[in-house]
Amino acid sequence: MSGWIDTFFDSYWGPTGLRTLGGLVAVLLPAGALVYIYLFKLMSFVQSRIGPMEAGPQGSLQLLAEVGKAFQKEDIFPRKADKIVFALAPFVVLMSTFLLVLVVPFGPDAWFVNLDTGIYFALAVSSVSVIGILMAGWASASKYSLLGGLRAAGQLIAYELPLVLAVMGVVIQAGTLNMQDIVLAQAEGEIFGWGGIGNPFILTQFVGFAIFLIAMQAELTQPPFDMPVAESELVSGYMTEYSGVRFLLFFIGEFATAGVFAMIASVLFLGGWWVPGIDPDSNLFNIVGPAVMFGKVLFVTLLIFWFRFTYPRFREDQLQRLCWKFLIPISLLNIVVTGVLKVVF
Amino acid sequence: MSEFLRSYLVVAIFGGVGVLLVGVFLSIARIFRPNRPTPQKLENYESGVDPSGDMWSQSNIRYYVFALLFVLFDVEAVFIFPWASRLEALGLFGLVEMAIFVFILLLGLVYAWRKGMLKWV
């Protein structure tokens, strides 16, 4: 019997099964943590109120209560809606999140798949969610949904450019597209010959990091970039006609994607699973790596949610102006300057 | 199967897991949720009043120019990625080449800007 198990875990399927389970944890755990810590607790603190306190100690079971509530809601398809496309939209959105988490490394050997084109793959699949959102907005056959879907499409494609161009600075410095090698490049990097803390690219690519954070905020449609779901204008944008568990799936998708984007940001700019002072080849990182990543994810998302709770919503034309007239020229300059410095030094 | 294809099999598996998760959520909800449709429930939501006109409304897509520009810059990004990862080997030659390329693209952006394409139309 044990021989059967051993051969299973030595074959392709054992590690792959473990990785799939790990992927589920890596998507759902940060999503839940972000909703509880930031959306429930920090948001209440920022707005001078207590927030949920009844369900469990300090309201920690509120998340379960919310999920349970969504499961009991009736599943309503609008009479005029394009039923097939309407039903498929949440599948596309969640699938894009799962494809995105795929390339994130959590330790020297703890990765899901070690693609040579890692970051390129991530940027490519991150735009799949646009299709899901457009499907949801169009198929609902509702005016609010249509406007929300179109706004979302305009915003997501516009802000994908600064996102991609900001990554380019990191790729130039690391000289690779592989996520694992980007972490190692930061661990073994030196700043003008001094490698005491390696070279987390936030130090040399701080312009890129700032652009990446702003573009990420817009890609996640978090305020101040939340016009696609602006509740005072469009009810709930492309999600208006979704009810119950289908709405919950969009909600999970939003926060899971926030977590995964924060993972990618911490791999690119904060050194990923590595912390200064320990040899990056050490087996220790296979165990503490995920925890280190989780800490860095909480830091990056703290920045995102802090902005979310602090700033009022942009106007639609201000959003496009910020992207095309400010972020894209700056990020192109950032590429050129990084390239010159790389060749000169 | 080669190592390369195997790693992309994981990609397919993860996409499948995403689809499966949605399916599992929807099937669990099927046990708990009621199903009592009324004509009013199935109407579209328009802030509580009776919806006006046909549900399939038309809207002005104001971003089609942005979409064109996006395609342009995204193709550019595809070209810059291989250059960026091999810059050390290419050295000064690669740098000058890419500076010219980026300059031409910036020129395109400036042209669209001057034409007023980046304004709210």
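Which residues does Ser140(A) touch, not counting residues up to four places away in sequence? Look for Pro78(A), Ala81(A), Phe86(A), Ser145(A), Thr240(A) and Glu241(A). Keep in mind that you're looking at a predicted model.

**View 1. Ser140(A) and its surroundings.** You'll find Ser140(A) in the loop between helix 6 (128-139) and helix 7 of chain A. Ser140(A) has 29 other C-beta atoms within 10 Å, so it counts as buried, the cut-off being 20 or more. Now try finding Pro228(A): it sits 88 residues away from Ser140(A) in sequence, and 15 Å away in space, going C-alpha to C-alpha.

**View 2. Helix 8 of chain A, wrapped up by the rest.** Helix 8 spans residues 179-187 of chain A, and 7 of its 9 residues are buried, so the helix is largely enclosed by the rest of the structure. Want to pick them out? The buried ones are Met179(A), Gln180(A), Ile182(A), Val183(A), Leu184(A), Gln186(A) and Ala187(A). Their cover includes helix 5 (118-126), helix 7 (143-174), helix 9 (201-204) and helix 12 (244-269) of chain A.

**View 3. Where chain B meets chain A.** Here 55 residues of chain B are in contact with 66 residues of chain A. On the chain B side, helix 1 (3-32), helix 2 (64-85) and helix 3 (87-114) each chip in at least two residues. Helix 1 of chain B gives the largest share of that side, with 17 residues. Sort the chain B residues that touch chain A by type and you get 39 nonpolar, 9 polar and 7 charged.

Terms used
Residues numbered from 1 in each chain as written. Chains lettered and ligands numbered in written order. Predicted model: local features only at pLDDT ≥ 70, side-chain atom pairs only at ≥ 80, totals over all residues. Contact = placed C-beta atoms within 7 Å. Helix = DSSP H or I, 4+ residues; strand = E, 2+ residues; numbered from the N terminus. Nonpolar A, V, L, I, M, F, W, Y, C, P; charged D, E, K, R; others polar. Buried ≥ 20, exposed ≤ 12 C-beta atoms within 10 Å, placed from the backbone.
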